[in-house]
Amino acid sequence: MKNNDIKLAIIGLGYVGLPLAIEFGKKRNVLGFDINHKRVQELKNFYDKTLEVGPEDFQESINLKFTSNQRNLSSCNFFIVTVPTPIDKENIPDLEPLKQASKTVGKNLKSGDIVVYESTVFPGATEEICVPILEELSNLSFNTDFFVGYSPERINPGDKKHRLTSIVKVTSGSTPITADIIDNLYKSIVSVGTHKVSSIKVAEAAKVIENTQRDINIGLINELAIIFNKLNIDTEEVLNAAGTKWNFLPFKPGLVGGHCIGVDPYYLTHKAQLIGYEPELILAGRKLNDSMAKYVSDTLINSMKFNKISIVNSKVLIMGITFKENCPDYRNTKVVDMVHELSNQGLEVDCFDPWVDYKNATQDLHINLIKSPITASYSAIILAVAHQEFIDMGYEQIKSLGKENSLIYDLKYVLSQKHSDIRL
């Protein structure tokens with residue numbers, strides 16, 4: 001397949017697929033496909049609810065078309081799959097979206113076609129799970145009639161500095177020729193270049209350890225924060241001091257949610273357990289990070305009791321529900337766990353976040369999301385996410401939301417040490 005012969009389709013138009021479709025649409029004809037008809041209609045009107053893409057990006061992507069009709073995929077010969085790969089309530093990988101996407105592609109697969117997966121998976125998933133589906137639905141043979149590749153996504157939601165085109169792209173293919181075709185295609189949009197590896201499994205493994213490494217490091221800092229709090233030492237001051245050494249890694253404590261860091265390690269540990277190895281360090285980090293919502297809630301309850309603030313009939317304001325700052329993404333947010341912990345203790349919890357869609361977030365998360373906080377109403381205020389809007393508010397405005405003897409619990413170092421009653 002020559003570069004000019006490629007008829008490209010992007011399967012899944014979320015945080016990963018849409019920016020990819022936009023960039024390719026500036027260079028070549030692209031068909032963006034999503035099963036969500038409402039999402040497709042919004043994109044046709046140049047509206048992206050994830051805020052990763054603006055109206056000007058749509059206008060520049062003159063060769064991009066959107067559809068929710070699977071039949072339109074039949075004219076394509078190169079498919080890039082970017083659907084989510086979540087975990088279930090038991091922290092087991094949920095590959096159903098990936099399987100369904102593979103079925104959609106398989107029904108439209110023809111001899112000579114190439115399918116590239118970007119969704120985060122455990123090593124071996126592409127060839128062991130996706131390829132058999134493609135073969136079954138297409139009646140074609142892998143590496144004879146069609147070919148497959150894997151190029152892990154590295155999108156960082158809300159990050160306006162590290163964009164798709166400025167992050168090195170890892171690529172791979174099921175044959176050397178396929179790998180070259182895939183690598184050259186991505187090179188056409190990634191200005192900083194690509195890194196081609198020897199196999200699909202290597203590319204899958206590279207992706208899954210990126211966030212596993214971050215998860216373990218954050219878990220370490222969270223544990224240190226717990227220890228330092230018991231020792232009456234300010235964690236931020238310790239981290240700033242340690243950070244003066246050139247090789248100290250600048251991680252900070254906090255709730256670990258989102259669709260990547262809180263999920264990807266479970267994909268790797270799942271595969272490890274399947275082959276008879278029981279991971280220790282990775283699962284220890286996950287256990288600690290998953291426990292932080294309870295730790296924060298218990299710490300607040302104890303501080304309220306210590307300061308003789310009644311728990312019964314008291315209201316708590318949580319500022320920020322997204323999994324990270326300056327981003328509308330609330331997938332797998334651990335703030336919800338904190339809401340449940342506090343509610344179970346008898347507190348009434350209001351949540352406020354100027355970044356999220358009020359209606360959708362309320363329906364999805366089943367929390368009491370308010371459109372604006374009520375002045376002088378709260379016995380405690382938790383700064384859970386460091387949105388720029390909260391930083392701009394400053395201490396006086398944030399403090400005014402609480403009652404006279406209210407507490408401020410700053411999880412993200414939005415305020416200075418002297419303006420925070422409790423810090424993580």
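Which residues form one aromatic cluster? Phe46, Phe58 and Phe66 do. The model described here is predicted.

## Aromatic pairs

The structure holds 6 aromatic pairs. One of them joins Phe58 and Phe66. A pair of aromatic rings is described by the distance of the centres and the angle of the planes. For Phe58 and Phe66, the centres lie 6.2 Å apart and the planes meet at 65 degrees. Planes over 60 degrees apart count as edge-to-face, and the Phe58–Phe66 pair is edge-to-face. Phe58 has a relative accessible area of 4%, so Phe58 is buried. Phe66 is buried too, with a relative accessible area of 11%. Both residues belong to the cluster with Phe46.

A second pair to look at is Phe352 with Phe390. The ring centres of Phe352 and Phe390 are 6.0 Å apart. Their planes stand at 45 degrees, so this pair is tilted. Phe352 sits in strand β10, residues 348-352. Phe390 sits in helix α14, residues 388-399. The pair therefore ties together parts that are 38 residues apart in sequence. Phe352 and Phe390 are both buried.

## Helices α7 and α9

Two packed helices are described by the angle between their axes and the distance between the axes. Helix α7 spans residues 200-230, and helix α9 spans residues 264-274. They pack at an angle of about 115 degrees. Their axes are 8 Å apart. The two helices are therefore roughly perpendicular to each other. The crossing of α7 and α9 is left-handed.

Which residues make the contact? From α7 come Lys207, Val208, Ile209, Asn211, Thr212 and Asp215. From α9 come Asp264, Pro265, Tyr267 and Leu268. By type, the contact residues divide into 5 nonpolar, 2 polar and 3 charged.

## Lys334

Where does Lys334 lie? Lys334 is in the loop between β9 (315-319) and α12 (335-344). Is this lysine, Lys334, buried or exposed? Its relative accessible area is 15%. Buried means under 20%, so Lys334 counts as buried.

Lys334 has several neighbours that are not close to it in sequence: residues up to four places away are not counted here. Lys334 touches Leu255, Val256 and Gly257. Lys334 also touches Asp290 and Ala293.

Notes:
Residues numbered from 1 in each chain as written. Predicted model: local features only at pLDDT ≥ 70, side-chain atom pairs only at ≥ 80, totals over all residues. Heavy atoms only, no water. Axes fitted to C-alpha atoms, helices over the stretch in contact; angles between N-to-C directions. Helix = DSSP H or I, 4+ residues; strand = E, 2+ residues; numbered from the N terminus. Parallel < 35°, antiparallel > 145°, perpendicular 65-115°, else oblique. Left-handed = near helix turned anticlockwise from the far one by under 90°. Contact = heavy atoms within 4.5 Å. Nonpolar A, V, L, I, M, F, W, Y, C, P; charged D, E, K, R; others polar. Phe/Tyr/Trp six-rings, centres within 6.5 Å; stacked < 30°, edge-to-face > 60°. Buried < 20%, exposed > 50% of the residue type's maximum accessible area, 1.4 Å probe, protein only.
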